[in-house]
Amino acid sequence: MSTTDYLLGVNQTELERLNFQHSVWGHVTNNFFERLNVGSGWKCLDVGSGPGFVAMDLRERVGPTGEITALEPSKYYLEWFEQETKNRKWTNFKFINGDAESAKLPDSYYDLIFARWVIGFVPDAEKFLSSLFKALRPGGIIALQDYIYEGLSLFPRGGAFDGMADAVRGYWRSGGGDPNIAARIPVIFRKHGIQLKDYYPNVLAGGPESNVIEWAHRFFATHTQTMVDKGVIGQQVGDAMWKDWTDHRKNPDTIFVSPIVVDVAGVRPL
Ligand SMILES: C[S@@+](CC[C@H](N)C(=O)[O-])C[C@H]1O[C@@H](n2cnc3c(N)ncnc32)[C@H](O)[C@@H]1O
């Protein structure tokens, strides 16, 4: 996959959306790292790091004796991140410009390989994972956070937005991805001898002033029209969904529920 193929695009607006997204979901990722006991001195690979918001949190955990490698196909995000680490005078970072399927990674090396919101976009999830498994040291952990794109809801129900979950699932598939990828990862683990260690669903919900509805807003504000442009939904449907969404945002009784983000972790046997 080249960077221009990445479904959600590579640009300043998307970089800012990813930053805000991390401010909303970062605690979920950090709870996952806490359960996995990620700690001082670990060697970590952040796959599809984007501008590095998770990798920067990982740095807090592994400290100066640990090592973090960011693997990212977009030069724009990777260079932004590299500059950020220079500004912070952090030296224990490595940067690989490439994708998981074809990057040259050291064999049996990492204590943790992590990927958040990446595998759901790739056309061949097994190929993506199998090149990563080899780079794990025996006993090392592979951890992913991604969707089972169910549960997305806007209350009170009954408007055009009720069709949005279906639309987004179609949008993911239009780019070759799988909106329910988290349901398939354990199957791929088992096939490759990776032992499932953790499987935990997360959902956020909130009213019209909540961070989580603002997170969703930043996605739908750009991507509802992109779904129309790509022919995933018709213009009238897209317009009706957007109107239903903006009407709900003015209603104090609104509750938004996110799709399910699943923590999935496996261990390479000793
Ligand atoms: C939604 S962003 C998530 C960024 C980051 N993981 C986060 O949670 O903030 C998805 C990222 O995956 C990268 N990506 C897409 N396909 C990839 C692949 N095959 N291998 C590695 N990274 C990939 C994209 O360039 C993009 O930066």
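The following exchange asks how some descriptions of this predicted model are justified.

Me: What makes the approach of the ligand to Glu101 a polar contact?

Reply: A nitrogen atom of the ligand is 2.8 Å from an N or O atom in the side chain of Glu101, and because a polar contact is a pair of N or O atoms within 3.5 Å, this pair qualifies. The backbone of Ala100 can be treated in the same manner: one of its polar atoms is 3.1 Å from a nitrogen atom of the ligand, so this pair also falls within the 3.5 Å cut-off. For Arg116, an N or O atom in the side chain is 2.7 Å from an oxygen atom of the ligand, and therefore that pair counts as well. As for cover, the ligand on its own has 600 Å² of accessible area, of which the protein covers 99%.

Me: Which residues are closest to the ligand, and how is the shell around the ligand divided by class?

Reply: The ligand is surrounded by 18 residues, the closest being Tyr6, Gly48, Glu72, Glu101 and Arg116. By class, the shell has 11 nonpolar, three polar and four charged residues. Because Glu and Arg count as charged, Glu72, Glu101 and Arg116 belong to the charged class, whereas Tyr6 counts as nonpolar and Gly48 as polar.

Me: Where does the ligand sit, and what does that statement require?

Reply: The ligand sits in the largest cavity, which means that more than half of its atoms lie within 2 Å of the grid points of that cavity.

Me: Why are E8 and E9 called paired strands?

Reply: Strand E9 (residues 255-257) and E8 pair in the antiparallel sense over two bridges, and because at least two bridges are needed for pairing, the requirement is met. Gly206 stands opposite Phe256 in E9. The open sheet has three strands in the order E6-E9-E8, with antiparallel pairing.

Me: What makes E6 and E8 edge strands?

Reply: Strand E6 (153-155) and strand E8 (205-206) each pair on one side only.

Me: How do you know that the bond between Phe155 and Pro156 is described as cis, and where is Pro156?

Reply: The peptide bond joining Phe155 and Pro156 is cis, with an omega of about -5°, and Pro156 lies in the loop between E6 and helix H5 (164-174).

Me: What is notable about the phi of Asn37, and where is this residue?

Reply: Asn37 is not a glycine, although its phi is positive, at about 60°. Asn37 is placed in the loop between helix H1 (12-35) and strand E1 (43-47).

Conventions: Residues numbered from 1 in each chain as written. Predicted model: local features only at pLDDT ≥ 70, side-chain atom pairs only at ≥ 80, totals over all residues. Heavy atoms only, no water. Near = heavy atom within 4 Å. Polar contact = N/O pair within 3.5 Å; in protein donor to acceptor, adjacent residues only side chain to side chain. Areas by Shrake-Rupley, 256 points an atom, 1.4 Å probe, with all protein chains shown as cover. 1 Å grid on protein atoms, 1.4 Å probe; cavity = no way out; pocket = protein on both sides within 12 Å on 5 of 7 lines; lining within 4 Å. Helix = DSSP H or I, 4+ residues; strand = E, 2+ residues; numbered from the N terminus.
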